[in-house]
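Me: I should like to go through this structure term by term, asking on what grounds each label is given. Please set the values against the criteria.

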Amino acid sequence: MSLSPEDLAKLVLVSNPDAAGGKVFFTVTRISLENDRYESSIWACEGEVCKPVLPGPFDTAARASPDGSKIAFLSRRGFGDKDKGVGLWVAEWGGEPRQLAKFLGVLDFSWSPGGEALAVVAYEGSPEGDVKHVERLPLWINDFGFAYNVSSHLYLVDSYSGVVEKITDGDVRVLKAAWAPDGRRIAYAVARDLLKPYLQDVVVLDLKTGEQMTAASGFSSVSDIAWSPDGRHIAFTGHLRPRGLSSHSRIWVLEEGEGPRCVTCGFVYNVGNSVNSDVRGPSFARALYWAGDGLLFQATVGGTVGVFRAALSGDVEPVLTPGGVVDEFVPLGGAIVYTYMEANKPKELYIWDGGEPRRLTRFNDFVLERWKLRRPSRFVLRASDGAEVEGWVLLPEGPGPHKWVLYIHGGPKTAYGEGFMFEFHLLASRGYAVVFSNPRGSDGYSEEFADIRCKYGERDFQDLMEVVDYVLKSYPLDPNRGAVAGGSYGGFMTNWIIAHVDRFRAAVTQRSICDWVSMYGTTDIGWYFVEDQLCCTPWRNRELCVEKSPLYLANRVKTPTLIIHSLEDYRTWVDQGVLFFTALRLHGVEARLVLFPEESHELTRKGKPRTGWKTLRRF
C-alpha cells in the first residue's frame, strides 16, 4: 500500500528500558497530529504482562529504584509550551507521583544504592530573554538554545523531601554521573575548559569528606560510567583521540592507585550505537554494565548493533547479536531486556535469558500487517582501492526500472543498516528505490575506515559514486531518474556531489554545510570540529577550508535543488542553507529554500509533527 506522511503518527515508539526488583519499565511515545507534539507515558512489565503505570502525556525516562519499589522520571507536567525546563518526579509502585524538583534541563540522573537520593546532572543558568550580553563560548547549544551563560552541574536530590543540594560549581559542564555501591562516592565526567569541551575528566567525589579526586583526564566522548559491584573499579567509555574526533570509543577501567586501562583496544569496532533511525523515542538508557568480572556494552558492527562482553583481560565476545539493532538494553538478573528493530520493523521490547528471545510488546503489529513493508537488499562492493563498502537498496513494488534516491547519512561517523527509517519506506511506497550505504567516514568498521580527516569529499565521494555505478548495474534502476539527498554531513555531501557531477535529476540537501569557514565560527561545535575534521581554520590552512566548501563551487552546479534548514539549527546554522540557496539562484540553478521556524538540527528526528507534513504535502 502507499504510505502517506501522516502514517508516521500510527507508529508507537518504544524506548528507555530499565529494570529492578523483577520489574521492567519503559517509555511509550505516540505522535499527536492534533496537538502537534509527542506524547509519552510510562509502562511496566511484571513477567510478560505489560501495562501503563503513568499515563502521561509528558512522562518519560523512568529510572527504577534499586529495589524496584518506586521510579523516578522526567515530566513537563505543569510546563507551558514555551517554558524551558523539566521536572524530576518520583512515584511509588501503584501510588500517585509527586514532583521533587525542577531543572532547566536534565542530562543524566540515577538512584543512590539505598534509594534515599538521586544524583542529577542538569543545566543551570538564566538565558536572557531579549538583549544578549555574550562573553564566552559556546554562544548556543543545538536543541537547547542560547547557552553562553549556562553551565551543567551535579546535584543531589532527596527522594523523600525533594531538597536539592548542588555539588559542583564553576564554569564547567558535568556530563554523566554514577553512584558507587557503597553510596558514599560518585564518579562523574566533566569538561572544565569550555573552549575545549571535547577534553573531559573522570572525577571521584567522596560525599562524606567532600574530597574530589581526578581519576582520569584528557578523554573525549565520555558517554557512560559504571562502578563494579565491589566498588573497586570504575569503567567508562571514551577515547584519547588517536585519530582525532574520528577515534573509536573504548572501554577503560580504573582501579584505585592506577591509571586507566583500556580493555577493548583490541576490539576492531566502536563502542556504542551509531546506526541511524528516525523513529527512536526519548531515552536516558545506560549502555555500560558490569557482569561479574566483565562488562556488557553495545557495539556497531556494519549496519547492526549488538551486545558484547569485555573481560578485564581484554577479551571480547558477542552476547546478544540478533542481526538487527539492539537499540537499548538493561540486565535483569541473568537476562537482558532490550529494545530491538530491523530495517522493516520499528522498535519493540524483548527479553533474552540465553534461549530464544521473547517479545514483550506488540504495539506496531497492527499497522505493519497492513503496510507489509519490504526489506532492503544488502550488498557489499569492492571499492577501487580494495576496501569493502556495505550498502542497501530498498526497492518499491513492480518490475522497474525504478526512479531512485541516493540517501547519505550524517555524522559522518554514523551508519545506515538495520535501523528503521520511516522516510525510506515512505519513498518506496511512492515508487522510489532508496539506495543507502556506509562509505568511508562511516562507523561500524575499523578506525581507519572511519578516519577521513582532512579529506572530506575525496574517498567518501568516490565510494558513493562507485555505489551508484554498482547499483545501476545490479538493480532495476533507471539511470536517468536518480536523485541525491542527505542531512548534516549527508547534506554537505549532497552539496559536494552536485558541485562535481551532473548525474542526478534533483537534490534535497537538509541542515547541510556549504562553507566550512562560516561553520567554524557560527555553530556550537564548529571551532573544534572543523579544525579536527577539515584540518583548517579561518587563520590556518584557510585555503583548505575553502577548497572543501561547496559554496565556492556553486558556479558548477546544474542540478535542481531543494534546500531544507531549521531557523534554530545551532549545529549547522541557517546561514549554510541561505548561502547555498543564494549562490545557486545567482548562478541560474532552479532552487527552493524551505525554512522551519522553532526547529533545531534534530528536525528529522524530533521536529514538530505537523510542520513536516505540511512540507511533504507541498513537495
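**Grounds for the labels**

Reply: Leucine 100 is a convenient place to begin; this residue is found in strand β8 (residues 98-103). The model is a predicted one.

Me: Why is leucine 100 called buried?

Reply: Its relative accessibility is 9%. Buried means under 20%, so leucine 100 counts as buried.

Me: Which residues is leucine 100 in contact with, beyond its neighbours within four places in sequence?

Reply: The partners are Leu88, Trp89, Val90, Leu118, Val157, Asp158, Ser159, Tyr160 and Gly162. Contact requires heavy atoms within 4.5 Å. For Tyr160, the separation from leucine 100 is 60 residues in sequence, while their C-alpha atoms are 7.9 Å apart in space.

Me: What makes arginine 63 count as buried?

Reply: Arginine 63, which lies in strand β5, has a relative accessibility of 7%. The limit for buried is under 20%, and arginine 63 therefore counts as buried. Leaving aside neighbours within four places in sequence, arginine 63 is in contact with Asp18, Lys70, Ile71, Ala72, Asp108, Phe109, Ser110, Trp111, Phe284, Ala285 and Arg286.

Me: How do you know that helix α5 is mostly covered?

Reply: In α5 (residues 489-498), 10 of its 10 residues are buried. Among them are Tyr489, Phe492, Met493, Trp496 and Ile497, and also Gly490, Thr494 and Asn495.

Me: Which members of the largest nonpolar core touch the most other members?

Reply: Of its 57 residues, these are Leu406, Met493, Ile497 and Trp516. A second, separate core has 27 residues, including Val12, Cys50, Tyr289 and Leu360. Membership of a core requires that a residue be buried and joined to others through side-chain atoms within 4.5 Å. In soluble globular proteins, nonpolar side chains tend to be buried together.

Me: What does leucine 406 touch, not counting residues up to four places away in sequence?

Reply: Leucine 406 touches Val435, Leu464, Met465, Val468, Ala483, Val484, Ala485, Ile497 and Phe504. Ile497 is also one of the buried residues of α5.

Me: Why are β19 and β20 said to pair?

Reply: Three bridges lie between β19 and strand β20 (residues 233-238), in the antiparallel sense. Pairing needs at least two bridges, so β19 and β20 pair. Isoleucine 225 stands opposite phenylalanine 236 in β20.

Me: In what order do the strands of the open sheet run, and what makes β19 and β23 its edge strands?

Reply: The four strands have the order β19-β20-β22-β23, with antiparallel pairing. β19 (225-227) and β23 (261-262) are the edge strands, as each pairs on one side only.

Me: How do you know that β27 and β28 pair?

Reply: Four bridges join strand β27 (residues 304-311) to strand β28 (residues 316-320), and the two run antiparallel. At least two bridges are needed, so the pairing holds. One of the bridge partners is leucine 320 in β28, opposite valine 307. The two strands form a hairpin with four residues between them, and glycine 314 in the turn has a positive phi of about 105°.

Me: Which residues lie nearest the centre of the second largest pocket?

Reply: They are Pro66, Trp111, Trp179, Arg286 and Tyr289, from a lining of 33 residues. The pocket holds about 830 Å³ of space. β1 gives the largest share of the lining, five residues. By class, the lining divides into 24 nonpolar, six polar and three charged residues.

Me: How many cavities of 30 Å³ or more does the structure hold, and what lines the largest?

Reply: There are two such cavities. The largest has a volume of about 40 Å³, and its lining consists of Ala343, Pro376, Leu394, Gly419, Met421, Phe424, His425 and Phe436. That lining has six nonpolar, two polar and no charged residues. Gly counts as polar, so Gly419 belongs to the polar class.

Me: What lines the second largest cavity?

Reply: This cavity, with about 30 Å³ of space, is lined by His233, Val253, Leu254, Glu255, Glu258, Gly259 and Arg261. Strand β22 (residues 250-255) supplies the largest share, three residues. The classes are two nonpolar, two polar and three charged.

How values were computed
Residues are numbered from 1 along each chain as its sequence is written. This is a predicted model: local features need pLDDT of at least 70, side-chain atom pairs count only at pLDDT 80 or more; totals for chains, interfaces and linings use all residues. Side-chain values use heavy atoms; hydrogens and water are left out. Buried means under 20% relative accessible area, exposed over 50%, partly exposed in between (1.4 Å probe, protein chains only). On a 1 Å grid over the protein atoms alone, a cavity is a set of points where a 1.4 Å probe fits but cannot get out, and a pocket is an open set with protein on both sides within 12 Å along at least five of seven lines; lining residues have an atom within 4 Å of a point. Grid points are joined across faces, edges and corners, and a volume is the space filled by probe spheres set on the points.
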